[in-house]
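Reader: I am new to this structure. Could you walk me through how to read it, feature by feature?

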Amino acid sequence: MNDHKAERLPVHRGPAAWNSILSVQLASPPLETDLTVDVAIVGGGFAGLSAARSLRRNDPKLRIAVLEASGLAEGASGRNSGFMIDLPHDLQSEDYAGKGVAADKAMISLNRAAIGFAREAVEEYGIDPAFFDPAGKINGAASTTGHDLNVSYADHLKDLGETSEMLDAKAMLEVTGSRHYFSGLYTPGTVMLQPAGYVRSLGSGLRRDGVDVFENTPVTRVKRSGAGWDLATPRGRVSAPKVILANNGHLESFGFARRRLMHVFLYASMTAELDKDTLSRLGGQPRWGITPSDPMGTTMRRIDTAQGGNRIVTRTCASYLPGMVPSEAAVARSAKVHRRKFADRFPNIADVPMEFSWAGHLCLSWNGVAVMRELEPGLFSACCDNGLGTVRSTLTGIGAADLVLGRRSEISAHFLAEDQPSRLAPSPFAEIGANLYFRWKEWRARKE
Ligand SMILES: Cc1cc2nc3c(=O)[nH]c(=O)nc-3n(C[C@H](O)[C@H](O)[C@H](O)COP(=O)(O)OP(=O)(O)OC[C@H]3O[C@@H](n4cnc5c(N)ncnc54)[C@H](O)[C@@H]3O)c2cc1C
């Protein structure tokens with residue numbers, strides 16, 4: 001196949017709150033002309049921008065264009081909870097433990113390489129340190145069942161030679177101001193991102209570095225032309241010998257990995273800014289991040305003024321949507337759940353309004369693999385984040401850049417050694433089955 005038309009373009013539901021709470025920044029203009037570059041990158045999330053930075057660092061002479069369908073940080077890269085996690089965090093397991101000691105050690109080393117890559121970008125581009133806070137995170141347990149999961153995860157970390165610290169209910173109260181938590185497992189290596197701040201600043205740094213970044217420029221067709229590729233966008237065409245598709249689940253919209261990618265939407269809400277009185281009733285520390293001890297539980301995060309205001313973010317609820325379009329009703333339904341989870345944890349400030357509620361797109365594969373390879377001559381992919389794109393998509397972006405440059409690296413070798421995503425059961429069975437499975441797992445993790 002030499003001609004790939006986009007069957008769909010991304011549809012975002014609800015505001016990308018992390019972007020909305022930052023001071024307004026000028027978006028890069030859309031592409032309005034025809035352009036020839038050495039490498040064109042489709043998608044300006046963690047994967048696409050990391051690919052651009054990696055190419056730039058390795059070959060400063062390359063002409064590079066990033067084409068983003070919406071604004072930078074308006075997609076999932078600005079809609080997540082911002083945990084850039086170094087340790088195994090297998091969302092399909094009961095307690096995040098991954099695939100055994102050897103595989104987990106290798107994954108940790110890669111995750112830390114992704115964090116190191118981001119740290120260098122932060123230093124080199126002068127990115128606000130509040131957007132990249134190496135504070136670590138806590139796995140919160142709200143029940144003895146959750147605590148047992150934390151104990152089992154801590155044992156696994158010990159086998160990996162990784163440190164962790166078990167916090168009791170009093171320590172959890174001191175951190176969060178909430179009496180909800182029975183215990184917590186602190187691990188120091190996670191970086192807490194202001195995801196939109198990081199992504200936007202990475203985009204600005206790349207522009208200063210000579211990379212062309214075009215926002216609001218959806219690529220509607222990728223077609224072979226001679227030895228290279230032509231990319232169609234609404235108001236201009238890009239010709240490039242090499243192209244990286246870094247558009248995550250929308251890889252399938254161009255006809256690749258059909259019925260092999262699972263399109264899952266996660267939902268989150270962010271409070272309005274907490275006033276002085278609310279802050280004194282809340283107590284606790286100004287910044288913290290709690291992932292649930294059960295992967296299907298509720299993530300909570302508190303941020304402060306430097307990150308866009310004193311606010312709390314609640315993330316829970318998931319739905320499997322092969323059509324890739326979440327509904328307003330699903331966002332509204334999830335927002336009600338967020339209110340309830342928030343009130344369970346913070347009954348003394350339960351009246352605080354939620355200012356933003358939104359959905360964001362994850363791309364999973366049943367066997368947990370990414371799609372990072374040369375799809376056709378000169379056409380590469382850095383897709384399928386498996387829910388952990390702050391690190392995973394940073395890695396697939398770097399790996400795809402290595403393939404473009406003909407470099408063999410530990411990162412590209414890791415992804416090239418993976419199987420292709422396994423084939424999924426036909427819809428609507430897969431859709432109904434997956435959504436029932438999510439509801440059951442969420443019900444089981446309801447306290448967490
Ligand atoms: C609520 C929520 C919480 C999350 N929490 C975390 C977390 O704490 N830690 C973590 O690691 N991950 C988290 N994630 C997942 C994380 O957001 C994703 O893994 C990450 O954004 C994937 O990055 P990416 O660059 O691969 O894809 P994306 O961020 O989806 O970027 C792909 C980009 O491609 C663009 N695009 C698509 N089609 C086209 C086209 N035809 N033309 C041009 N552009 C196109 C899209 O607009 C998009 O901006 C969370 C996700 C959600 C929704």
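Author: Let us start with burial. Ala-430 has a relative accessibility of 14%, so Ala-430 counts as buried, because buried means under 20%. Ala-430 lies in helix H11. Keep in mind that this is a predicted model.

Reader: How far apart are Ala-430 and Gly-289, in sequence and in space?

Author: They are 141 residues apart in sequence. From C-alpha to C-alpha, Ala-430 and Gly-289 are 33 Å apart in space.

Reader: Where is Arg-439, and is Arg-439 buried, partly exposed or exposed?

Author: Arg-439 is also placed in helix H11, which spans residues 429–444. Its relative accessible area is 37%, so Arg-439 is partly exposed, between the 20% and 50% cut-offs. Now look across to Pro-322. Its C-alpha is 17 Å from that of Arg-439. Along the chain, the two are 117 residues apart.

Reader: Next, aromatic rings. How many aromatic pairs are there?

Author: Rings pair if their centres lie within 6.5 Å. The count by this rule is 4 aromatic pairs. Take Phe-46 and Tyr-198. Their ring centres are 6.0 Å apart and their planes meet at 20°, so this pair is stacked.

Reader: Which parts does the pair of Phe-46 and Tyr-198 tie together?

Author: Phe-46 belongs to helix H2 (residues 46–58). Tyr-198 belongs to helix H6 (residues 195–208). The pair therefore ties together parts that are 152 residues apart in sequence. Phe-46 and Tyr-198 are both buried. Ring pairs also bring in Phe-132, making a cluster of Phe-46, Phe-132 and Tyr-198.

Reader: Can a ring have a charge as its partner? Over which rings does the charged end of Arg-53 sit?

Author: One is the ring of Phe-117, with the charged end of Arg-53 at 5.8 Å from its centre. Another is the ring of Tyr-125, where the distance to the centre is 4.9 Å.

Reader: Now the ligand. How many residues surround the ligand, and which are the closest?

Author: There are 36 residues around the ligand. The closest are Glu-68, Ser-77, Asp-385, Gly-389 and Ser-393. Sorted by class, the shell has 16 nonpolar, 16 polar and 4 charged residues.

Reader: Which elements each supply at least two residues of that shell?

Author: They are H2, strand S20 (354–364) and helix H9 (389–405). H9 gives the most, with 3 residues.

Reader: And the polar contacts? Which atoms lie 2.7 Å apart?

Author: Those are a polar side-chain atom of Thr-390 and an oxygen atom of the ligand. The backbone takes part as well. A backbone N or O atom of Val-219 is 2.9 Å from a ligand nitrogen. A polar backbone atom of Ala-76 is 3.1 Å from a ligand oxygen. As for cover, the ligand taken alone exposes 990 Å², and the protein buries 96% of that.

Reader: Last, the backbone angles. What sign does phi have in most residues other than glycine?

Author: In most of them phi is negative. Now see two residues here. Phi of Arg-259 is near 55°, a positive value, and Arg-259 is not a glycine. Arg-259 is in the loop between strand S15 (242–245) and strand S16 (262–271).

Reader: And where does Asn-386 lie?

Author: Asn-386 is in the loop between strand S22 (379–383) and H9. Its phi is positive, about 50°, although Asn-386 is not a glycine. With 9% relative accessibility, Asn-386 counts as buried.

Key
Residues are numbered from 1 along each chain as its sequence is written. This is a predicted model: local features need pLDDT of at least 70, side-chain atom pairs count only at pLDDT 80 or more; totals for chains, interfaces and linings use all residues. Side-chain values use heavy atoms; hydrogens and water are left out. Rings of Phe, Tyr and Trp (its six-membered ring) pair if their centres lie within 6.5 Å; planes under 30 degrees apart count as stacked, over 60 as edge-to-face and the rest as tilted. Helices (H or I, at least four residues) and strands (E, at least two) are DSSP runs, numbered from the N terminus. Buried means under 20% relative accessible area, exposed over 50%, partly exposed in between (1.4 Å probe, protein chains only). A charge sits over a ring if NZ of Lys or CZ of Arg is within 6 Å of the ring centre and within 35 degrees of the ring normal. A residue is near a molecule or strand if one of its heavy atoms lies within 4 Å of it. A polar contact is a pair of N or O atoms within 3.5 Å; within protein, one must be able to donate a hydrogen and the other to accept it, and residues adjacent in sequence count only if both atoms are side-chain atoms. Accessible areas come from the Shrake-Rupley method with a 1.4 Å probe; for residues, only the protein chains shown count as cover. Ala, Val, Leu, Ile, Met, Phe, Trp, Tyr, Cys and Pro count as nonpolar, Asp, Glu, Lys and Arg as charged, and the others, Gly among them, as polar.
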